Amino acid sequence: MAPSQLSPAIPNHTKTSKTVETRLFINNEFVESVSGKRFDVIDPSTEKVSASVYEADVEDVELAVQAAKAAFPAWSERNAVERAHFLNKWADALEKAADEISYLDSITMGKPAFPDRLAPMVPIIIRFFASKALDITGESSLNTAGFLNVSLRQPYGVCAAITPWNAPLMMLAYKVSAALITGNTLVLKSSEKSPLSSLVAARCALEAGFPPGVLNILSGYGRPCGEALARHMEIRKISFTGSTATGKAIQRAAAETNLKSVSLELGGKSPLLVFDDANLEKAVSAATISILMNSGQVCNATTRIYVHEKLAQDFIGGIKAAMSAMGASGNPLHEGTMRGPQADRAQFERILSYLDLAKQSGVSIALGGNRESSPGYFVEATLLTDVPEDSRLVKEEIFGPVLIVNRFTDEEDVLQRANDTEYGLWASVFTNDVSRAIRVAKRLEAGSVGVNCTSPVLAMDMPFGGWKSSGQGREFSRYATDYWTELKTVYFAY
């Protein structure tokens with residue numbers, strides 16, 4: 001690797017001396033883009049350039065697709081346990097690279113590196129999917145006289161994935177592991193805001209001995225790179241995590257071309273209902289962690305809280321204190337930093353525009369509401385109370401450390417308010433009444449519901465995904481591998 005193709009060495013505190021890879025990964029080789037174009041990745045805590053990365057264009061997408069197409073026959077015919085062996089070796093390599101990954105995500109999207117809550121999950125996710133190798137099966141039937149009928153689950157072939165910037169490696173692990181264990185080959189586009197750790201994953205795939213073309217990783221923008229994947233006629237399946245607007249664009253592109261299968265995990269505006277018999281301390285703690293984790297840049301973060309009037313004053317006081325106790329945001333590379341900056345200038349300015357709207361609308365700002373420091377894209381932890389239900393603050397995904405607390409007295413009324421949104425990713429209820437918990441959980445329109453808990457709670461053997469405009473398809477569990485396979489029926493006459 002020529003020095004001109006690499007960024008400076010990673011600092012010693014990450015326990016590695018490796019240099020930062022900035023090229024595309026196609027057919028088991030790190031290569032410059034065909035055009036030679038690059039784009040700068042900005043450190044959101046300093047507003048300085050972290051790296052200059054090669055940008056994938058339509059020609060690079062074509063090269064990656066053809067590599068994946070050539071690799072598919074042999075990969076799909078491998079014994080499933082052999083595919084699991086490659087994934088387990090990949091997990092081992094990523095585990096050793098955890099500090100490096102944490103550092104790179106910190107200097108690209110501002111995630112606190114020490115401790116890093118997400119990087120340790122990556123090898124666990126991959127090993128989970130490796131363990132599913134022998135569970136990808138169909139069914140059989142003798143219900144038709146003179147026939148033995150079977151259904152088969154088979155891979156699509158060449159697939160694509162587009163991952164978001166807020167949890168780059170974790171989202172990559174979901175998609176790559178499920179796609180590869182089912183026998184597909186994959187072309188993945190990382191987010192242009194945080195592409196560097198995905199290239200570490202590519203290097204680790206090489207170390208794990210992945211055959212050429214099985215996994216290809218491109219750095220680039222939605223246009224042209226993402227659009228080329230969504231429209232490519234030889235890609236039969238695409239999985240996307242990101243904004244609802246982009247998800248709709250991908251679905252349109254698929255419909256206009258080859259009707260490729262589309263899985264979408266999109267935005268959220270997740271409600272939390274706190275009834276008058278709830279454990280106040282537990283509810284306050286859970287809600288605070290949910291909205292401030294990753295600086296509020298989490299699709300299933302609790303962003304709307306409806307608290308019973310009897311508890312409202314104590315709850316608001318408690319959550320204000322809890323948010324303040326987490327302290328100001330800071331340098332994500334400093335040990336102990338709990339909250340970093342917003343990912344980039346666009347995201348930062350978007351959040352500030354919502355805070356301006358709150359001020360102009362006369363909304364009560366119980367905490368925060370401003371930029372926190374400069375340089376860097378830091379925003380104060382913000383608590384808004386008694387916000388009108390028709391406000392954009394209640395209806396739209398802000399994707400920052402901004403929490404809304406409104407009051408209620410009637411169960412039926414609060415359920416209607418909680419469900420009055422196009423989003424349906426996550427919802428929560430806090431109550432000690434078991435009957436109410438079941439009743440409310442059934443009524444909440446969301447793909448996941450927490451009872452006396454809230455996001456980021458996840459279980460890998462349970463499906464995760466959204467209702468309504470929060471998406472379609474599921475990550476995790478046996479359903480995840482179902483979404484990466486085609487179903488075929490074979491009729492045997494005897």
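**View 1. Two domains, with centres 31 Å apart.** In this predicted model, the centres of domain 1 and domain 2 are separated by 31 Å, taken over C-alpha atoms. Where they meet, domain 1 puts 24 residues into the contact and domain 2 puts in 28 residues. As for where to find them along the chain, the domain assignment runs domain 1 over 24-266 and domain 2 over 270-451.

**View 2. E265, listed by UniProt under "active site".** Zooming in, here's E265, the residue UniProt gives for "active site", in an unreviewed entry. Look for E265 in strand 13, which covers residues 261-265. Is E265 buried or exposed? E265 counts as buried, because its relative accessibility is 2% and buried means under 20%.

**View 3. What E265 touches.** Same residue, now with its contacts drawn in. Setting aside neighbours within four places in sequence, E265 is in contact with M171, F240, T241, G242 and C299, and also with L425, F464, S470 and E475.

**View 4. A nonpolar patch on the surface.** Over to the outside of the model for this one. Which residues make the nonpolar surface patch? L142, L148, F492 and Y494 do, and the patch comes to about 480 Å². To get your bearings, pick out L148, which lies in strand 8 (residues 147-155). L148 has 35% relative accessibility, so it counts as partly exposed: that label goes to values between the 20% bound for buried and the 50% bound for exposed.

Technical notes: Residues are numbered from 1 along each chain as its sequence is written. This is a predicted model: local features need pLDDT of at least 70, side-chain atom pairs count only at pLDDT 80 or more; totals for chains, interfaces and linings use all residues. Side-chain values use heavy atoms; hydrogens and water are left out. UniProt positions are given in the numbering used here, feature names are shortened, and annotations may be inferred rather than shown by experiment. Helices (H or I, at least four residues) and strands (E, at least two) are DSSP runs, numbered from the N terminus. Buried means under 20% relative accessible area, exposed over 50%, partly exposed in between (1.4 Å probe, protein chains only). Contact means heavy atoms within 4.5 Å. Patches are made of residues with over 30% relative accessible area and no salt bridge: like charges are joined within 9 Å, nonpolar side chains (Val, Leu, Ile, Met, Phe, Trp, Tyr) within 5 Å. Accessible areas come from the Shrake-Rupley method with a 1.4 Å probe; for residues, only the protein chains shown count as cover. A salt bridge is a side-chain nitrogen of Lys or Arg within 4 Å of a carboxyl oxygen of Asp or Glu. Domain bounds come from an automatic or database domain assignment.
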